[in-house]
Amino acid sequence: MIAGSQGFAGYLRRDLLLAYRRRGEVASPLIFFVLVSTLIPLGISPDSARLAELAPGIIWVMALLATLLSTETLFASDYQDGSLEQLLISPQLLALSVLGKIVAHWLVTGLPLTMVSPLIGVMLSLPAEGLLPLMASLALGTACLSLIGAVGAALTVSLRKGGLLLSVLVIPLYMPVIIFGSAAVQAAVDGLNWLGPLAVLGAMLSAAVALCPLAIAGALRLVSNN
Amino acid sequence: MSTPPLITVEQLAFERDDCNVFKPASFNVEAGDIVQLEGANGAGKTTLMRLMTSALQPTSGALLYKGRPINDCRYEYLDSILYIGHQSGVKMTLSAEENLRWMSPASVSSAEITQALDAVGLRGFADMPCYSLSAGQHRRVALARLHTSKAAVWYLDEPFTSIDKQGALALQQQLEIHVQQGGAVVLTTHQNLPLDGLRKYIVESHTDLGVQP
């Protein structure tokens, strides 16, 4: 049951329900993440020493691509069926409603990726001391990716084939996230203090939570104004 | 001092590619009015309506609500309007009841939701996902909002599309009741509506302004 009160909680609940109704589609980034990971040892080398060296970076790149894959659809169906227009003229704070949608998006993409990542880590021979930092950095990092990606999705929502443009727009913004995310895991594997890079990710997430919803609200108003 | 009209449209214009979409529009909407926006296909009826809902920002001109500029009372205004566009915002994977619940104010009880769905002829379809309903039934799901909404001003873009004769009659009656209760309706349709208090505003497209052949 959906509550009629829209706003943050309303959009969060509605988008989770919508995701539940389209389970197969929503699970595709996760399936992509798991399937590609099984190919890595085949493509590179089953040698665990070599895999362990590459694992932090590879897992992070795949998580990033999986998130990007799901970002394009964030506002697309709302745009097509007119819900987005209703959102723009609802007497609620647009940025908060948008944040509700993004939290729902993270719960169905970033969170599952984070949960399966230790499994992928083990498959790629990531040393055990890297598993907790991997999960922590992915939890913070994928939330950043969802927020940043949503800005791109909002800007490209009215384009029929916006996928490529979306990638070009957001990948430069994803760079700091992947640098510090994989650095945290690498530091842990090397026996260094990994809380430093993680703290930077946390700072990026705080900034993104504060700024991205405002940017998205502006982008949606801009895009609908034609 | 006379009270200002509910909604005042003052020289409202919207440019697309540096051209006005329609001739700048000026008219008032008072409580009790049904205003029909009329014009050829592509004349800009939907654009004018979206400007009036404040979904679009006008290039020039002003929109006043009870005599105040819309930007000074935006949330108050948005709280008092209801807009059903071509794309009505009905989610295909949700049921009719879930859709209506979502689009209705939080204070609406589930009994009222059921009543509203009965009133638009969707009794027995409430729990079916909307992708299994027909085009006319989708429109009826959207129009059920008129039964649950507390909004004073209704903006209806082609509300009669894919609605059958009985549905259209029921909708006309509902519009009349709404304006008798002090509401106002702005709608676009190509039908001639036999409604009391109906006023027409002709939307003249930009191309009509040019040189006559």
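**Exercise 1. How many residues does the contact take from chain B, and how many from chain A?**

Keep in mind that this is a predicted model.

*Solution.* Start with the counts: chain B puts 24 residues into the contact, and chain A puts in 22 residues. Next, look at which elements of chain B carry that side. Helix H2 (74-79) and helix H3 (96-103) of chain B are the elements that give two or more residues to it. Finally, sort the chain B side by residue type: you get 10 nonpolar, 9 polar and 5 charged.

**Exercise 2. Work out how compact chain B is.**

*Solution.* First, take stock of the parts: chain B has 7 helices and 11 strands. Then compare sizes. The globule rule gives 17 Å for 213 residues, and chain B has a radius of gyration of 18 Å, close to that value, so chain B is as compact as a globular protein of that length. For a feel of the outline, its C-alpha atoms fill a box of roughly 55 × 45 × 30 Å along the principal axes. Now go inside: 41% of the 213 residues in chain B are buried. Last, check the contacts in chain B with a separation of 6 or more; 72% of them come from residues 24 or more positions apart.

**Exercise 3. Trace the open sheet of 4 strands in chain B.**

*Solution.* Write down the order, E4-E1-E6-E7, with antiparallel pairing. Then find the edges: strand E4 (25-29) and strand E7 (68-69) of chain B each pair on one side only. Zoom in on strand E1 (residues 7-13) of chain B, which is joined to E4(B) by 4 bridges. To pin down a pair, pick B:Ile7: its bridge partner in E4(B) is B:Val29.

Technical notes
Residues are numbered from 1 along each chain as its sequence is written. Chains are lettered from A and ligands numbered from 1 in the order in which they are written. This is a predicted model: local features need pLDDT of at least 70, side-chain atom pairs count only at pLDDT 80 or more; totals for chains, interfaces and linings use all residues. Two residues are in contact if their C-beta atoms, placed from the backbone, lie within 7 Å. Ala, Val, Leu, Ile, Met, Phe, Trp, Tyr, Cys and Pro count as nonpolar, Asp, Glu, Lys and Arg as charged, and the others, Gly among them, as polar. The radius of gyration is taken over C-alpha atoms; the globule rule is 2.2 Å times the number of residues to the power 0.38. A residue is buried if 20 or more other C-beta atoms lie within 10 Å of its own, exposed if 12 or fewer, and partly exposed in between; C-beta atoms are placed from the backbone. Two strands pair if DSSP finds at least two bridges between them.
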